[in-house]
Amino acid sequence: MSHVETYSWSDLRLPANLITLGRIAASPVLFVLILAASDSRGTSWSVLTVGLVLGASDYYDGWVARSSGSVSRWGAFLDPLADKVMILGASWCFVAVDRLFWVPVLIISVRELLVSAARTRWAREGLSLPARLLAKYKTLLQGAALIVAALPPLEEHDWAPSLAIWLAVALTLYTGWRYMADGRAGAIAAADQ
């Protein structure tokens, strides 16, 4: 955990942050497409395509930030927020069209909200806890579960999205536990300084 600079409103105009904001703004398009495909339980090539484009933008905004040297506190805040908006929104839409079971989606949602609340509390204290590499894999696995849920060839195979979402739950819970343990350790170390 480390001390970080304050938020600068001008950083919102950085290209990487604009891509991230675009991902947040475009996420409702994905939600509408899933709900509109309710007769096929959310599976469609348009859902898959929009989901893949939004997922690719997650990689691209990070690449733009690193390659241009424009990593910012806003980016560190907005990127995981955009991931949560897209993944949780799409997951609940898949629950609404009876493609995913609500229990694993609720578990993922509660974990994400608890970690976000902890991250916000630590940010107010001026501390930043970088995500571990495993947390990035967690987001990737959650996205992969949604891709499996969206694939039209798997529309009649409920085991595939069910297996994928439960694997995502397992990694989501583990990384949440690690994040909270790291945060507590960092907060104690900061208090001792």
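Helices α3 and α4 each supply at least two residues to the lining of the second largest pocket in this predicted model. Helices are DSSP runs of H or I with at least four residues, numbered from the N terminus. The contribution of α3 is the greatest, at seven residues. The pocket has a volume of about 180 Å³, and its lining consists of A76, F77, P80, L81, K84, V85, L88, L113, S116, R119 and T120. A pocket is an open set of points on a 1 Å grid over the protein atoms alone, where a 1.4 Å probe fits and protein lies on both sides within 12 Å along at least five of seven lines; lining residues have an atom within 4 Å of a point. The volume is the space filled by probe spheres set on the points, with grid points joined across faces, edges and corners.

Residues are numbered from 1 along each chain as its sequence is written. For this predicted model, local features need pLDDT of at least 70 and side-chain atom pairs count only at pLDDT 80 or more, while totals for chains, interfaces and linings use all residues; side-chain values use heavy atoms, with hydrogens and water left out.

One of the lining residues, K84, is located in helix α3. With a relative accessible area of 16%, K84 is buried, where buried denotes under 20% relative accessible area, exposed over 50%, and partly exposed the range in between (1.4 Å probe, protein chains only). Apart from neighbours within four places in sequence, K84 is in contact (heavy atoms within 4.5 Å) with G89, E112 and S116. The pairing of K84 with E112 is a salt bridge, in which the closest N and O atoms are 3.2 Å apart. Because E112 lies in helix α4 (residues 102–124) and K84 in helix α3, this pair ties together parts that are 28 residues apart in sequence. Both partners, E112 and K84, are buried.

Side chains of opposite charge can pair when their charged atoms come close. A salt bridge is defined here as a side-chain nitrogen of Lys or Arg within 4 Å of a carboxyl oxygen of Asp or Glu, and a search of the whole structure finds ten such pairs. A network of salt bridges links R23, D58, D61, D79 and D83. Within this network, D61 pairs with R23, with the closest N and O atoms 2.8 Å apart. D61 belongs to helix α2 (residues 45–68) and R23 to helix α1 (residues 15–36), so the salt bridge ties together parts separated by 38 residues in sequence. D61 counts as buried at 3% relative accessibility, and R23 counts as buried at 1%. A salt bridge also joins R23 to D79, with an N to O distance of 2.8 Å. This pair links distant parts of the chain, R23 being in helix α1 and D79 in helix α3 (residues 73–96), 56 residues apart. In contrast to R23, which is buried, D79 is partly exposed at 22% relative accessibility.

R23 is also touched by S57, which contacts I19 as well when residues up to four places away in sequence are not counted. S57 is found in helix α2 and is buried, with a relative accessible area of 15%.

On the surface, W92, F101, W102, L106, V110, L114 and W166 form a nonpolar patch, with about 680 Å² of accessible area together. Patches are made of residues with over 30% relative accessible area and no salt bridge, like charges being joined within 9 Å and nonpolar side chains (Val, Leu, Ile, Met, Phe, Trp, Tyr) within 5 Å. Accessible areas come from the Shrake-Rupley method with a 1.4 Å probe, and for residues only the protein chains shown count as cover. Helix α4 provides the largest share of the patch, four residues. W102, a member of the patch, is found in helix α4 and is partly exposed at 46% relative accessibility.

Most residues other than glycine have a negative phi. Positive values occur at R41, with phi near 60 degrees, and at D98, with phi near 65 degrees. R41 is placed in the loop between α1 and α2, whereas D98 lies in the loop between α3 and α4. At 54% relative accessibility, D98 counts as exposed.
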